[in-house]
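Colleague: I would like a close look at a single part of this model, one helix and what surrounds it. Please take me through the packing first and the empty space afterwards.

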Amino acid sequence: MKYDLHSHSTCSDGTYPPDQLIHKASLAGITMFALTDHDTVSGLCQARSTAESLGVQFINGVEISCTHALSGGYGKHKQINQIIHVVALDFDDVKQMDKALQALQESRHNRGFAIIQKLGQLLGANNADHSELTELLWQKVLVKTDGNPQAVGRAHIAQVLYELGFVPTIQSAFDKYLADGKAAYVAIDAMNMEQAIALIHQCGGLAVLAHPTRYGLSATRTRRLIEDFANLKGDACELPNGEPDSLRAMVDRSIASHGLLVSVGSDFHGENMPWRKIGSTSIPKPEQIGVWEKFGAASYTP
């Protein structure tokens, strides 16, 4: 079995439609695949239909943006509010999930445009009227999402900044403008992590802490995040992908300490993040139990 349980299509900030994404997964030899678009389940039906035709075991998924107050610092930084991503896997009540995520989708629209407004001011610093640049950036971003403002993600914006020559690479757009705390960053209006986990369970799914080492947190806070997730009845933790061995070892210890299952995923987006390859995932240790061991029997029927 080859698993990839974290991926994105054009329904959020990926560059391949759901059906094409499944074809790429099949060609990569993936036998169990989950589509986990940001805060939307709109691509699941098309993805599942294609997966069935290709004999790929398809798992319902979505990546939910949520907030969490993290402790572990000192002084005025003793506690910080952080946007965390929780992947929902193998849920069967898609309608309830879709209804619960409607507010988040609207928030993504508002947030995307707010980021563009900030960029218009930052990049048009020598021009008193930033409206033309703001409008240009927004229209270019909407082209990336086929005109759907609710699908706008930072990856779309980064790609536009790169294509217009404002940054030398897509990654540098994040490093300079879009990453958490950077000049054009805008937080999304989201449910908290406890609510996200509860929603996933109510919909019949399993809650997975996504990429725990990619939030720019200290080692202490990363361990605290995994502990908090487990205490809030989260089910599994995604294994670091392409990270230093020391970070993987730290996450492995935290997973074992709190009795969490493990999940694996490439976080594939497509051409806007070409360094993430579909099917390129970490390998669990022999003693680690995969979240797929808890999937319902229906999930295993191609």
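Modeller: What follows is an account of helix H5, its two helix neighbours, and the cavity and pocket it helps to line, in a model that is predicted.

H5 covers residues 154-163, and helix H4 covers residues 131-144. The two pack with their axes 9 Å apart, at an angle of about 120 degrees. Roughly perpendicular ends at 115 degrees, so H4 and H5 are classed as oblique to each other. Their crossing is right-handed. On the H4 side the contact is made by Leu137, Lys140, Val141 and Lys144; on the H5 side, by His156, Ile157, Gln159, Val160, Leu161 and Glu163. By class, the residues of this contact are five nonpolar, two polar and three charged.

The other neighbour is helix H6, residues 170-178. The axes of H5 and H6 cross at roughly 110 degrees and come within 8 Å. H5 and H6 are therefore roughly perpendicular to each other. H5 contributes Arg154, Ala155, Ile157, Ala158, Gln159, Leu161 and Tyr162 to this contact, and H6 contributes Ile170, Ala173, Phe174, Tyr177 and Leu178. Here the division is ten nonpolar residues, one polar and one charged. Ile157, Gln159 and Leu161 of H5 appear in the contact with H4 and also in the contact with H6.

Next, the enclosed space. The structure holds one cavity of 30 Å³ or more, and the volume of the largest cavity is about 40 Å³. Its lining consists of Arg108, Arg111, Gly112, Ile115, Val152, Gly153, Arg154, Ile157 and Ile188. H3 and H5 are the elements that give two or more residues to this lining. H3 supplies the largest share, four residues. The lining divides into four nonpolar, two polar and three charged residues. Arg154 and Ile157, which line this cavity, also belong to the H5 side of the contact with H6.

Last, the open space. The largest pocket holds about 870 Å³. It is lined by 39 residues, with His211, Arg214, Asp267, Met273 and Arg276 nearest its centre. Two or more lining residues come from each of strand S3 (57-71), strand S4 (79-89), helix H3 (94-123), H5 and H6. By class, the pocket lining has ten nonpolar, 15 polar and 14 charged residues.

To put H5 together: the helix packs against H4, crosses H6, and gives residues to the linings of both the largest cavity and the largest pocket.

How values were computed: Residues numbered from 1 in each chain as written. Predicted model: local features only at pLDDT ≥ 70, side-chain atom pairs only at ≥ 80, totals over all residues. Heavy atoms only, no water. Axes fitted to C-alpha atoms, helices over the stretch in contact; angles between N-to-C directions. Parallel < 35°, antiparallel > 145°, perpendicular 65-115°, else oblique. Left-handed = near helix turned anticlockwise from the far one by under 90°. Contact = heavy atoms within 4.5 Å. Nonpolar A, V, L, I, M, F, W, Y, C, P; charged D, E, K, R; others polar. 1 Å grid on protein atoms, 1.4 Å probe; cavity = no way out; pocket = protein on both sides within 12 Å on 5 of 7 lines; lining within 4 Å. Points joined across faces, edges and corners; volume = space filled by probe spheres on them.
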